[in-house]
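Visitor: I've just opened this one and hardly know where to look. Could you take me through it slowly?

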Amino acid sequence: MATDQFQAPDYYNLDDLLTDEHKLIRDSVRAWVKKEVSPIIEEHAQNGTFPQHLVKKLGTLGVFGPTIPQIYGGGGLDYISYGLMMQELERGDSGIRSAASVQGSLVMFPINEFASEAQKKKWLPGLASGDLLGCFGLTEPNHGSDPSNMESKFVDKGDHVVLNGAKLWITNASAADIAVVWAKDEAGEIRGLVVEKGMEGFSAPEIHGKWSLRASTTGELVFEDVKIPKENLFPDVRGLKGPLSCLNSARFGISWGVIGAAMDCYDSALRYSQERIQFGKPIASFQLVQKKLAEMITEITKAQLLAWRLGTLKNEGKATPAQISMAKRNNVQIACDIAREARQIHGAMGITGEYSIMRHMMNLESVLTYEGTHDIHLLITGMDVTGINAFN
Ligand code: TGC
Ligand code: FAD
C-alpha cells in the first residue's frame with residue numbers, strides 16, 4: 001500500500017466548532033491510525049484476518065467506551081469526542097471502527113446502563129483497557145431487521161439459567177472474551193445476559209468468505225444448553241428497548257465513522273486527479289472529474305454538519321432515535337457514493353490495494369446493512385414524520 005498521505009478536508013471551517021480538547025483527541029487518534037493501522041491494514045484485509053494485536057493498543061488509546069465514567073475505566077468524555085474517534089478509526093478501516101463501536105456502544109454501554117454495580121466492576125475496566133474484548137448478539141439466522149421475533153431463549157433453573165439458540169453475523173464473535181446476548185425468558189420477555197468464553201455448550205465459529213469488512217472478524221454464537229449463573233443477567237432492563245438503546249449509541253458512532261471513510265476516498269481522489277495526466281493535462285482539469293470532486297466535498301460537508309449537530313443534541317440528552325437514524329442512513333449512503341466515485345477517478349488503479357478506495361467501498365456495503373439497514377432507517381424516519389408505523 002502507498003504511504004498514507006491523508007489530509008482531512010474541512011471546507012466549512014468545522015474545526016471552529018470543536019474545542020481544543022476535541023481537536024487534541026481527534027489529532028491523536030489520527031496520528032495513531034497513520035502509525036498503527038495504515039501500514040498493516042491492506043494486508044489484513046487481503047488475507048481476511050483481524051489485527052488482534054491492535055485491541056490492547058486501542059484500549060490504551062482510549063477509544064473503548066470514551067463516554068463511560070472514569071470510575072469504571074472509561075474516558076468520561078462527551079459524544080463529539082466519541083464521534084471524532086470513530087471518524088478517525090474508520091478513516092483507517094471500517095473494521096477497526098467496528099471493533100471499537102461494538103466494544104464501546106454495544107458491550108460497555110449496556111453494562112454501564114443496565115448492569116449491577118458488581119457486574120460493572122467485574123467487566124468495565126478490562127473492556128476499557130482492551131484486556132477483554134466483547135461482542136453483542138442480537139441478530140439471529142431467522143431474525144435480522146425484526147429482532148423482536150428472536151428465538152433464543154433461556155429457562156430459570158434456580159441459581160442459574162439455561163440458554164439455547166444462535167446468533168449470526170456477530171462482530172468480534174470468535175475473538176471475544178464475553179458476549180452481551182439478548183434472549184427471551186420463559187414469559188417471552190427480552191433480557192440481556194453476559195455469556196463468557198469457555199462456558200460449556202457455548203461456541204463462536206468464525207464466518208469465512210466475506211468480501212466486506214475483511215479485516216474484522218465476524219462469527220456465530222451458538223448456545224447449546226449453556227448454564228449461566230444468574231449473576232450474569234442484567235437486572236435493570238426488560239424488552240426490546242434494551243438492545244435498541246445500545247444501537248442508538250452505535251448508530252451515532254457510525255454516522256461519524258463513515259465520514260472518515262468518505263474523507264479518505266475524497267482526499268485520495270483529489271490528489272490522484274491532480275497527479276494523473278491524460279490528454280496532456282491533469283484529469284482534475286476535466287469538468288466531469290471536477291463535478292465528482294465538487295459533489296463529494298459538498299456531501300462530506302453536509303454529513304459533517306449533520307453529525308456535529310447530532311453530537312451537540314446527544315451531549316444535551318436531546319437526540320431522538322429517529323434523528324440518529326437519519327444521520328446513520330444519510331452519512332452511510334453518501335460515503336458509499338463517494339467511495340464509488342473515487343474509485344472511478346482512480347481508474348484501474350482504484351481496484352488495487354495500492355489505494356484504500358476499494359477496501360472502503362466494500363466495507364461500506366456492510367455498514368449500509370448493519371445497525372439497521374438503509375431501508376429500515378428510512379421507515380423509522382417515515383414513521384416519525386407521519387406517525388404511521390410501516391413495520392406492523
Ligand atoms: P417497536 O415496537 O417499535 O419498539 C419496541 C420497544 O423499543 C422501543 N424502541 C427504542 N428504544 C430505544 N431506542 C430505539 N432506537 C428504539 N426503537 C424502539 C420502543 O419505544 C418500544 O418500547 P416499549 O417500552 O413500548 O416496549 O419495535 P419493532 O419490533 O416494531 O421494531 C422496530 C425496528 C424495526 C425499528 C427495530 O426492531 C430495528 O431497529 N430493527 C433493526 C435491527 C438492528 O438494527 N439490528 C442491529 C443488530 S447489531 C449490529 O448490527 C451491530 S454491527 C456492529 C459493528 O460491527 O459496528
Ligand atoms: P433482513 O432483515 O433479512 O433484510 C433483508 C432485506 O429486507 C434488507 O434490504 C431489508 O432492508 C429488507 N427489509 C426487511 N424488513 C423490511 C421491512 N419491514 N420493510 C422494507 N424492507 C425490509 N448483528 C448483531 O447483533 N451483532 C453484531 O455485532 C453484528 N455485526 C454484523 C457485522 C456484519 C459484517 C454484518 C454484515 C452484519 C452484522 N450484524 C450484527 C447483523 C446486522 O445487524 C443485520 O445484518 C441487519 O440488521 C439486517 O438483518 P438481515 O441481514 O437478517 O437482513
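Guide: Let us start with a word that will come up often: a residue is called buried when its relative accessible area is under 20%, exposed when that area is over 50%, and partly exposed in between, using a 1.4 Å probe and the protein chains only. What you see is a predicted model, in which local features need pLDDT of at least 70 and side-chain atom pairs count only at pLDDT 80 or more, while totals for chains, interfaces and linings use all residues. Residues are numbered from 1 along each chain as its sequence is written, chains are lettered from A and ligands numbered from 1 in the order in which they are written, and side-chain values use heavy atoms, with hydrogens and water left out.

Visitor: OK, so where does Ser273 sit, and is it buried or exposed?

Guide: Ser273 lies in helix H6, where helices (H or I, at least four residues) and strands (E, at least two) are DSSP runs numbered from the N terminus. Ser273 counts as buried because its relative accessible area is 0%.

Visitor: And what does its side chain reach?

Guide: A polar atom of the Ser273 side chain lies 2.8 Å from the backbone oxygen of Leu270. That fits the idea of a polar contact, a pair of N or O atoms within 3.5 Å; within protein, one must be able to donate a hydrogen and the other to accept it, and residues adjacent in sequence count only if both atoms are side-chain atoms.

Visitor: What about Ser268, which residue does its side chain contact?

Guide: Ser268 is also placed in helix H6, and with a relative accessible area of 9% it is buried. The side chain of Ser268 makes a polar contact of 2.9 Å with the side chain of His346.

Visitor: Switching topic: which residues come closest to ligand 1?

Guide: Ligand 1 is surrounded by 27 residues, and the closest are Thr171, Asn248, Arg251, Glu371 and Gly372; a residue is near a molecule if one of its heavy atoms lies within 4 Å of it. Helix H6 (241-275) and helix H4 (94-114) each supply at least two residues of that shell, and H6 gives the most, with six residues.

Visitor: Which side chains have an N or O atom by an oxygen of ligand 1?

Guide: Among them are Arg97, with such an atom 3.2 Å from a ligand oxygen, Ser148, also at 3.2 Å, and Tyr370, at 3.3 Å. Taken alone, ligand 1 exposes 1,100 Å², and the protein buries 73% of that, the areas coming from the Shrake-Rupley method with a 1.4 Å probe, where for residues only the protein chains shown count as cover.

Visitor: You listed Glu371 there; where in the chain is it?

Guide: Glu371 belongs to the loop between H9 and H10, and it counts as buried because its relative accessibility is 13%. Its phi is near 60 degrees, a positive value in a residue other than glycine.

Visitor: Which other residue has a positive phi, near 50 degrees?

Guide: Phe279 has a phi near 50 degrees, and it too is a residue other than glycine. Phe279 is found in the loop between strand S8 (277-278) and strand S9 (281-282), and with a relative accessible area of 77% it is exposed.

Visitor: Now ligand 2, what surrounds it?

Guide: There are 18 residues around ligand 2, of which Phe136, Thr139, Ser145, Trp169 and Thr373 come nearest. An oxygen atom of ligand 2 is 3.0 Å from a backbone N or O atom of Leu138, while a nitrogen atom of the ligand is 2.7 Å from an N or O atom in the side chain of Thr139. Thr171, which is also among the residues closest to ligand 1, has a polar side-chain atom 2.9 Å from a nitrogen atom of ligand 2. On its own, ligand 2 has 980 Å² of accessible area, and the protein covers 66% of it. Strand S3 (160-171), helix H9 (357-369) and helix H10 (374-386) are the elements that give two or more residues to this shell.

Visitor: Last one: how covered is H3, and what happens at its start?

Guide: Helix H3 is mostly covered, with 14 of its 14 residues buried. At the start of H3, a side-chain oxygen of Asp78 comes within 3.5 Å of the backbone nitrogen of Ile80.
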